[in-house]
Every structure is written in C-alpha cells, then in structure tokens.
Amino acid sequence: MFVTLTADDLYIARKLFQLEIYKRNGQSYEDFFSKIMRLHNIDFIQIKPQGQFGDRKNDGFIKSTGQYYQVYAPENLSHKEKDTIEKLVTDFNGLYAYWNATVTPILEFNFVLNDKYQGTYPSLHPELTKIEGNHAGVKCKPFLSQHLEDIFLKLPHSNIEDVLGKIPTAEDISLNVSNLNEVIEYLISLKDGASPENFPVNPDFEEKIVFNSLSSPAATFLRYGSYQDGALKDFFKVNSTFAKDDLKNTFSKLYKDAVQEIPDSDSKNDLVFFDIAKKAYPKQGKVYQDAVFVLMAYFFSYCDIFEEPPLKQQQTLFQ
C-alpha cells in the first residue's frame, strides 16, 4: 500500500537526513549518496574502485543522459579550498580521458561536495566555468547537500525509511517495560563515568519547550512520551537508583556532545533532539523508539537535557 508522509513526517525525515549529512565523511558519505541516487534513478550506476586503477575518477553515472558524479567529502571542507580545487581539476581530467570516448560522452559533470550546508568557495565556480569553456557541450556544476536533500525528500515513503529507518510517530508512543529494560542496559553501556548528581527541581514542562525553541513535532514527542511517565516511575521504583543516575549522566553526555557537534542554525535544537533520540536506540524498531522517547521526556523534565529557563523573580509590592 502506498503511504504518503505528512508534513510532520517530512520535517522529521529532513532532520534525520541532515544529521546523516553532518556525521558522514569520505567513503561513508559516498555510500550514502550512492544509495539515494540508486533509489532515485535505477539507471544510476555506482562505480566500484578496481585495484591500481581505482574508479577512474568516476563515483557514479547515468549512461543514457551522460551525467557523471564525483564525490568529495573531507571531514572539514571549510579548511580544504586548495585541495578542493585541485581535486576538481584532477578528477575531471581523469574522468574525461577515460569515460568520454570509451563509454558515453560527458554531457554533465556533477562535483559532489558534502558541504554540510555551508556552501562552496567562490573560487570553485571559475574553475567549473573554465572546464566548460575547454570542453564544448559539457555542463559542470557543484552538487551540494541541499541538492541531495531535494532528491531524497521526493523519494517514496518506503525508500525514505529504507535510508533512515522507520520515521517515528509521537501519537503512537506506548511503553513496553520488557523493551525498556533492554534500552536502559544499552544506554548505561554508553556512560562516560560521570559522577551522579542530585536531580534538580522539575521546571515547567511547556515553558522549557518554548525556552529551547523546540518545534511542534519535537514538542509532541516529548508530550506523548511524558504521558507514559507513570510506567517509567514504576520501573524506577523497583530498580536501583544507580540505574537512574547512570541514565541521567548518559543523556546529559549525549546532549552535550550533540550541542558541540551540530553547527548553529535556526533548527539546531531540533537537530540536537533527534540526534539524542537516534543515538539512544539500541536497534531499529518502534518499541525501542517509544522507550527512548519516554526516557527523553523524563530527563527533559528534570533538566538533564536541554536548557532550563531562568528562575522567575518574585515580584515585590512596588513592581
């Protein structure tokens, strides 16, 4: 049965896609790119490196249209201007020398960059234009994260979940205690040995959502997760306090790591939210996702993830 994604589903899929873009470099990004391109167009052919000859400067192509793709995804592109230009020139020359005459003429050359949504160097564009001027009939352009995202979000629902795993839905969150135990054991294994701390006073849940500028989809996950709060507290009653302290430290570390790793943007807090959720799944599956969202709602309410609104000052008679 064909299933369409709702606006919220697409929003969540986009955030999960962006997290993949931020964390992937080198071969990992190339594999991610190629998988999406194969799902987008069955005529896309990924080129596997072959011994001393490598991939002949071609990471993938569509023979019927003469479109070629070469991927460059260093860990930090912002410090690679010279390397980027050199790779563009070297790779195109190698591509043209082998593929243009022996396979199919090059009509479009896409220099695929994992720019992590930062854009390209101005100096890249004159080089692309120079290649076009020296090779009649060839169009050259950068292919950035935004272009891959456009293709990805137009894929059918089943293909999107093939890339990202199941898109979570807040309305169906329920807590299976047997799976909760498995999730907790996994999370505790991630701990970094931080010392247990006292739990702070529970702040206003809704106020904290607003203060952290979380979107409606992320807020909905927290609210629905909090509805299972009673079952989670029952679980904690029959288990040691060490487990709860370990979980607190684990979520706190996941939050701090995400804040440090994810670049600033208008939706950074949402990206942090979904990054924590994704890293906390021990394995794919709705039951594990549900348990993680219930735990996130609990530790969100106790200020171990995301920022606490400043305390309100009591007004005096003259204020």
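**Exercise 1. Count the cavities of 30 Å³ or more, then give the space in each.**

Solution. The count comes to two cavities of 30 Å³ or more. A cavity is a set of points, on a 1 Å grid over the protein atoms alone, where a 1.4 Å probe fits but cannot get out. Grid points are joined across faces, edges and corners, and a volume is the space filled by probe spheres set on the points. The largest cavity holds about 70 Å³. The second largest holds about 40 Å³.

This is a predicted model: local features need pLDDT of at least 70, side-chain atom pairs count only at pLDDT 80 or more, and totals for chains, interfaces and linings use all residues. Residues are numbered from 1 along each chain as its sequence is written, and side-chain values use heavy atoms, leaving out hydrogens and water.

**Exercise 2. Describe the lining of the largest cavity.**

Solution. Lining residues have an atom within 4 Å of a point. Here they are Leu16, Leu164, Lys166, Pro168, Phe274, Ala277, Lys278, Tyr281, Gln284 and Gln289. Next, sort by class: six are nonpolar, two polar and two charged. Nonpolar means Ala, Val, Leu, Ile, Met, Phe, Trp, Tyr, Cys and Pro; charged means Asp, Glu, Lys and Arg; the others, Gly among them, are polar. Finally, find the main contributor: H12 gives the most, with three residues. Helices (H or I, at least four residues) are DSSP runs, numbered from the N terminus.

**Exercise 3. Which helix gives the largest share of the lining of the second largest cavity?**

Solution. List the lining: Lys166, Ile167, Pro168, Thr169, Phe221, Lys286, Gln289, Asp290 and Phe293. H13 supplies the largest share, four residues. By class, the lining has four nonpolar, two polar and three charged residues.

**Exercise 4. How do H9 and H13 cross, and which residues make the contact?**

Solution. Take the axes, lines fitted to C-alpha atoms over the stretch in contact, with angles from 0 to 180 degrees between N-to-C directions. The axes of H9 (residues 216-226) and H13 (residues 286-301) come within 8 Å and cross at roughly 95°. That makes H9 roughly perpendicular (65 to 115 degrees) to H13. Contact means heavy atoms within 4.5 Å. H9 contributes Phe221, Leu222, Gly225 and Ser226, and H13 contributes Phe293, Val294, Met296, Ala297 and Phe300. Seven of these are nonpolar, two polar and none charged.

Methods
Helix = DSSP H or I, 4+ residues; strand = E, 2+ residues; numbered from the N terminus. Parallel < 35°, antiparallel > 145°, perpendicular 65-115°, else oblique. 1 Å grid on protein atoms, 1.4 Å probe; cavity = no way out; pocket = protein on both sides within 12 Å on 5 of 7 lines; lining within 4 Å.
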